[in-house]
Amino acid sequence: MIEKMKFLSVTGPKDDLDRVIDQYLSKYEIHLENALSELKTVANLRPYTEANPYKAELQTAEALAAAYKDRLPQSPGSRPEPEQAAAFIRDLDSRLKKLEEEKAELEKEAEMIRTSMDNVIPFANLNYDLRDILHFKYVKFRFGRMPHEYFNKFMTYVYNTVDTVIHKCLEDADYVWVVYFVPEVLCDKVDAIYASLHFERFFLADEYEGTPVEATHALEQKLADVSEKIRGVEKQLVQSIDDCREELAAACKRLQDYSSSFEVRRLAACTKQDEHTFYILCGWMSQEDAAVFQQEVEKDGNTFCIVEDDHGNVLSKPPTKLKNPRLFKPFEMFIRMYGLPSYDELDPTIILGLTYSFLFGFMFGDVGQGLCLLIGGFALYKAKKMNLAAIISCCGFFSSIFGFLFGSVFGFENILEPIWLHPKTAMTRLPFIGNLNTVFVVTVAMGMFIVLMTMLLNVVNSLRCHDKEKAYFDTNGIAGIVFYGALTAMVFLYMSGHALPAAIVLVVMFILPLAVIFLKEPLTAVLEKKTEILPGSKGMFFVQGFFELFEVCLSYFSNTLSFVRVGAFAVSHAAMMEVVLMLAGAEAGGSINWLIIILGNLFVCGMEGLIVGIQVLRLEYYELFSRFYKGTGREFKPYGK
């Protein structure tokens, strides 16, 4: 169902807009329209232009709320004024920024200490005071590392030929960490030799006390002290939020609400009368809400509401707000995927819910698997509120019903006696055709009645939209109903052995509707009292009409046969379960492999259930919706939701 809509115009003093938004618009669901576009005939209208003075505070509040969302209450109790909320956010942000800056400085200091430790650790076994080394006067020193290969070459071929002392400190998989000493007068020559052997120098700052081991311990203690200070600042940050979490949540909510009112201002218009300026808001509200809103506003001396009952006087089309029984609400997901109905269209949600579940059950008839879908889908919907899970549960219910009709329980067809038939074995003898699977015959007949139903729905929709051509002369209009209905009646009469009445139906009701469909454009012109009945190029009109009529007949045939897939899946489901039972040894009468039974049922339930669900949705969209439904509506989007 689509809720009836009313178009409202709300006006009052410009300074009173915030109160109206807080008091009324936040309580009632209203789909706002641009007042300047809707009230083009009203003179002296101008946009309501005003900047949000608390935009920066709102961004800060939302950033803080996002950073500390786990510590904030879900529903704040207090409701401060916007000025108070903004001042609170500015003060809190200032305090937090100081703590963040202090934390950043400490983290920078900790990183420098770690770098110093990384530089000195490789030289830990140098048992000499680093500060003394760094202050040698006549001897130069170099800290660094060399690849293993070049260190070995240096020690073998070079070390005894140059004036240098080298001390090996640390060795890893790739490098040897060393310190070498050289007289100041020879340092350039010796440095060049080391450089040719890929010596990589490290520079130690004048910040270490004692030996490398003592310096490392001192740095570790210093790092621990800085880390403790960082933890202290982090505790202060958290404590600052905990001390005012109620106020922060309330301030953020208040600024968000106030910001939303500025979004309303973009859609409002202003008009000036004498010395006073008034705002005007326009929008759509459900008929029920509009009546209650009007009664409440009547008691408000500063707010005036006008309801426009004639939608023809409104420029915008009413938005679509679906209101279906709880059982069918999950199927609105499929409607939204195709497109919401326009306000004047029928809402196909209930029709889709019934036909989708019925066709799914027919194609997937099994008591056991149907109950699994029913219970599993219902449990998943209760836990996760997934619409698809609720749809699966409804389909499982119909699968269980058809399982009883087919006598199938987890693929076993010898436990229950079928109330109706076994899909694989039931046959029907038809005139001119011979023996044919009963399921195929039933699904084709069922498809015919579904096509006729959609044609009737198309007539209703077309009359609602005042489209006479589509209602009376279209292939899915009254002419199409007469033609396809006569065809359906003729087929049933022939198949039941009543050839003479079938021939009469063929002559009387078969040719005339085709002629009406062929001449739909001229007949529409006559009905609408147009001066030009036939188009200028009459030859092209008849040629085009002939081929269109041929396409119409072909589409009726193909659309009807499309429902054969329903019976095909019913038979294939039974055949697949027969294969599972055969693999499990149930067909041979011996011991049954229950593991194969369980895995086979899970596989068939998952794979075929997915395929059947997609095929039924295809039937809904292409064979049903394409005949009567456009889906060109726009969604009802209430302010604040």
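The largest pocket has a volume of about 540 Å³, where a pocket is an open set of points on a 1 Å grid over the protein atoms alone at which a 1.4 Å probe fits, with protein on both sides within 12 Å along at least five of seven lines, and where a volume is the space filled by probe spheres set on the points, these being joined across faces, edges and corners. Its lining comprises 19 residues, and the closest to the pocket's centre are Val-444, Met-448, Val-491, Met-495 and Thr-560; a lining residue has an atom within 4 Å of a point. Two or more of these residues come from each of α15, α17 and α20, helices being DSSP runs of H or I of at least four residues, numbered from the N terminus.

I should say early that this is a predicted model, in which local features need pLDDT of at least 70 and side-chain atom pairs count only at pLDDT 80 or more, while totals for chains, interfaces and linings use all residues. Residues are numbered from 1 along each chain as its sequence is written, and side-chain values use heavy atoms, with hydrogens and water left out.

What is the character of the residues in that lining? They divide into 18 nonpolar, one polar and no charged, with Ala, Val, Leu, Ile, Met, Phe, Trp, Tyr, Cys and Pro counted as nonpolar, Asp, Glu, Lys and Arg as charged, and the others, Gly among them, as polar.

The second largest pocket holds about 300 Å³ of space, and of the 15 residues lining this pocket, Phe-360, Ile-392, Gly-609, Leu-610 and Gly-613 lie nearest its centre. Helices α12, α14 and α22 each give two or more residues to this lining, and the largest share, seven residues, belongs to α22. Here the division is 12 nonpolar, three polar and no charged.

Let me turn to the cores. The largest nonpolar core, meaning a set of buried Ala, Val, Leu, Ile, Met, Phe, Trp, Tyr and Cys residues joined through side-chain atoms within 4.5 Å, has 48 residues, of which Phe-331, Phe-334, Tyr-356, Phe-362, Val-566 and Phe-625 touch the most other members; buried means under 20% relative accessible area with a 1.4 Å probe, protein chains only. Among the helices that each supply at least two residues of this core are α12 (349–363), α15 (438–464) and α22 (594–628), and α15 gives the most, with 10 residues. A second, separate core of 47 residues includes Phe-181, Leu-204, Ile-241 and Phe-262.

Technical notes:
Buried < 20%, exposed > 50% of the residue type's maximum accessible area, 1.4 Å probe, protein only.
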